[in-house]
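User: I would like to learn how to read a fold and a helix from coordinates. Can you take me through it step by step?

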Number of protein chains: 2
Amino acid sequence: MSLLVVGSVALDSVETPFGKADEVLGGSANYFSASASHQTPVQLVGVVGSDYPVEKLEPLKARGVDFAGLEKAEGESFRWRGRYRHDLNSAETLETRLGVFSHFKPKLPEQFVNADFVFLANIDPRLQLDVLRQVKKPRLVACDTMNFWIESRRADLLELLKHVDLITLNDGEARQLTEKANLVHAARWILERGPRTVLIKKGEHGAFMFTKDTVFFAPAYPLESVFDPTGAGDSFAGGFMGYLARTGDLSEANLRRAVIVGSAMGSFVVEGFSITRLLEVTRSDIEKRVAEFHRLVTFDQALT
Amino acid sequence: MSLLVVGSVALDSVETPFGKADEVLGGSANYFSASASHQTPVQLVGVVGSDYPVEKLEPLKARGVDFAGLEKAEGESFRWRGRYRHDLNSAETLETRLGVFSHFKPKLPEQFVNADFVFLANIDPRLQLDVLRQVKKPRLVACDTMNFWIESRRADLLELLKHVDLITLNDGEARQLTEKANLVHAARWILERGPRTVLIKKGEHGAFMFTKDTVFFAPAYPLESVFDPTGAGDSFAGGFMGYLARTGDLSEANLRRAVIVGSAMGSFVVEGFSITRLLEVTRSDIEKRVAEFHRLVTFDQALT
């Protein structure tokens with residue numbers, strides 16, 4: 001089934017304790033697409049400036065990412081410059097230049113409006129709502145968000161919640177949005193406002209999936225070397241949504257598998273800069289890591 | 001099989017956002033015993049001052065905790081006063097009065113020296129070594145430790161590591177001891193220095209069990225109300241060691257079950273002050289929570 005993503009297509013410059021990368025592919029839509037394209041073709045909607053090195057998107061095109069929805073606007077592309085310290089837990093943003101992204105008005109090509117699965121990556125909730133008005137009859141709509149929109153666009157975000165089936169956000173954002181310190185309470189608060197499923201990402205501490213009646217937890221894979229944490233959340237979302245779109249199965253059991261596929265993709269992307277590792281890994285690598293996740297948590301509950 | 005614990009028997013005064021408790025049962029050996037006694041009888045070695053309300057230990061005696069190794073010394077009992085803020089993640093110590101604990105020399109009663117399973121709770125590594133010299137032929141020796149000993153008794157702690165089969169410590173302590181930020185590296189560093197098994201506790205983020213060839217992860221149970229986090233680590237250890245002592249089975253599969261039993265006990269203790277909840281819960285409550293842990297992490301790895 002078709003999968004659409006709307007988000008940023010950016011250029012990142014990143015410094016970690018292990019190295020530096022300048023002006024590499026970044027942005028939520030790039031990470032999402034690189035990850036999801038292992039499962040299913042992806043339709044991408046975004047904007048770049050006249051200075052964007054579009055030839056760098058070729059490997060994504062080759063993997064089945066359709067850039068028909070990528071607008072080329074006059075001006076500078078979205079750039080992010082950040083640094084991670086030794087603990088790699090939180091990015092320090094050194095510079096954000098929105099460029100053409102600040103005037104972005106997502107416009108879906110005719111051939112994208114029938115998308116079955118839609119991921120509204122972390123952009124202004126007003127734009128996320130705009131996109132929703134353009135898609136016809138999606139089977140599942142998911143959105144992401146961040147602290148900036150929770151603060152500055154709270155009313156729009158609450159309106160958006162009414163129209164999405166699923167939301168992904170990190171634990172700090174969930175607490176900020178709901179003003180609940182306890183994640184179970186935070187998830188319930190969100191579930192009462194629209195989404196049937198809430199995915200709370202805790203970075204190196206894993207992810208929770210809450211529905212009204214169920215809780216599922218996926219650990220983060222205990223990696224020996226985390227090289228660059230940028231894009232982990234969007235790669236997680238890409239694996240998750242890609243797997244759902246490929247299988248078309250929205251059962252609890254399949255949602256759980258999708259969370260694990262997402263976790264696997266999140267664990268790969270941080271092993272290199274930008275989307276490098278996502279372009280390298282194979283279907284077999286992904287299956288192996290899913291099996292490793294299984295070994296990581298499996299126990300026999302029958303107590304002696 | 002018999003289970004011995006050496007640790008503190010204290011009086012705690014705790015303040016959390018949800019209430020206050022004054023001079024209640026505390027200390028690692030009390031928490032450990034209350035938890036482990038759901039699985040197997042416990043032999044306790046510790047010290048209290050002449051002011052200790054020993055009648056408060058009756059419920060533990062009734063549960064099969066043998067206090068023959070509890071020395072009564074002249075002077076004041078070990079007291080800890082602490083406070084948890086809104087996020088409940090870290091205790092702020094307001095006061096520690098070691099009292100008679102500062103001159104504690106653990107002395108095992110004759111009937112304890114043949115203990116099969118030994119837990120050396122968080123005390124001076126020199127005393128932990130002293131205890132090891134007194135036990136005859138234990139099947140499994142585990143120890144805990146903390147930042148204070150890592151700083152002030154590093155050489156003794158490294159000596160102790162050579163003689164224990166298993167160590168439990170939290171993630172911050174593992175990083176401090178090994179000077180490795182990455183937990184996989186930290187675990188490997190420890191495994192090279194004696195223990196065959198390393199249990200790294202991450203509080204509300206769960207626990208890892210590392211051996212040379214395997215990694216197991218147990219999440220923390222997503223509780224709706226954490227009332228008082230004090231004693232979670234020792235209750236975890238009590239459930240873990242108690243289950244191993246009861247079953248006498250040291251296979252990987254059984255160690256994994258033991259970690260889950262420990263996690264279940266850790267999830268109960270924080271639902272009330274002191275050991276209250278540990279005294280209330282039944283074998284059936286524990287089994288139910290173990291089943292909930294199973295539902296929490298279970299997924300079918302066969303990808304479509």
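Analyst: We start with the whole chain, then turn to one helix and the interface. Keep in mind that this is a predicted model.

User: How many helices and strands are there in chain A?

Analyst: Chain A has 11 helices and 13 strands. Its radius of gyration is 18 Å, close to the 19 Å from the globule rule for 304 residues, so chain A is as compact as a globular protein of that length. The C-alpha trace spans about 70 × 40 × 35 Å along its principal axes. Of the 304 residues, 50% count as buried.

User: Which residues of helix 6 of chain A are buried?

Analyst: First the general idea. An α-helix has 3.6 residues a turn, so residues three or four places apart point the same way. Now the case here. Helix 6 of chain A covers residues 171–178, and Glu173(A), Ala174(A), Leu177(A) and Thr178(A) are buried. Seen down the helix axis, these buried residues fall within an arc of 115 degrees, so they line one face.

User: What do the buried residues of helix 6 of chain A pack against?

Analyst: Their partners in chain A are helix 4 (147–152), strand 10 (166–170), helix 7 (183–191) and strand 11 (197–201). Just after helix 6, Glu179(A) takes a positive phi of about 55 degrees.

User: How many residues of chain B are in contact with chain A?

Analyst: 31 residues of chain B contact 31 residues of chain A. Helix 11 of chain B gives the largest share of chain B's side, 6 residues. That side divides into 17 nonpolar, 8 polar and 6 charged residues.

Technical notes. Residues are numbered from 1 along each chain as its sequence is written. Chains are lettered from A and ligands numbered from 1 in the order in which they are written. This is a predicted model: local features need pLDDT of at least 70, side-chain atom pairs count only at pLDDT 80 or more; totals for chains, interfaces and linings use all residues. Helices (H or I, at least four residues) and strands (E, at least two) are DSSP runs, numbered from the N terminus. The radius of gyration is taken over C-alpha atoms; the globule rule is 2.2 Å times the number of residues to the power 0.38. A residue is buried if 20 or more other C-beta atoms lie within 10 Å of its own, exposed if 12 or fewer, and partly exposed in between; C-beta atoms are placed from the backbone. Two residues are in contact if their C-beta atoms, placed from the backbone, lie within 7 Å. Ala, Val, Leu, Ile, Met, Phe, Trp, Tyr, Cys and Pro count as nonpolar, Asp, Glu, Lys and Arg as charged, and the others, Gly among them, as polar. The arc is that of the directions from the helix axis to the C-beta atoms.
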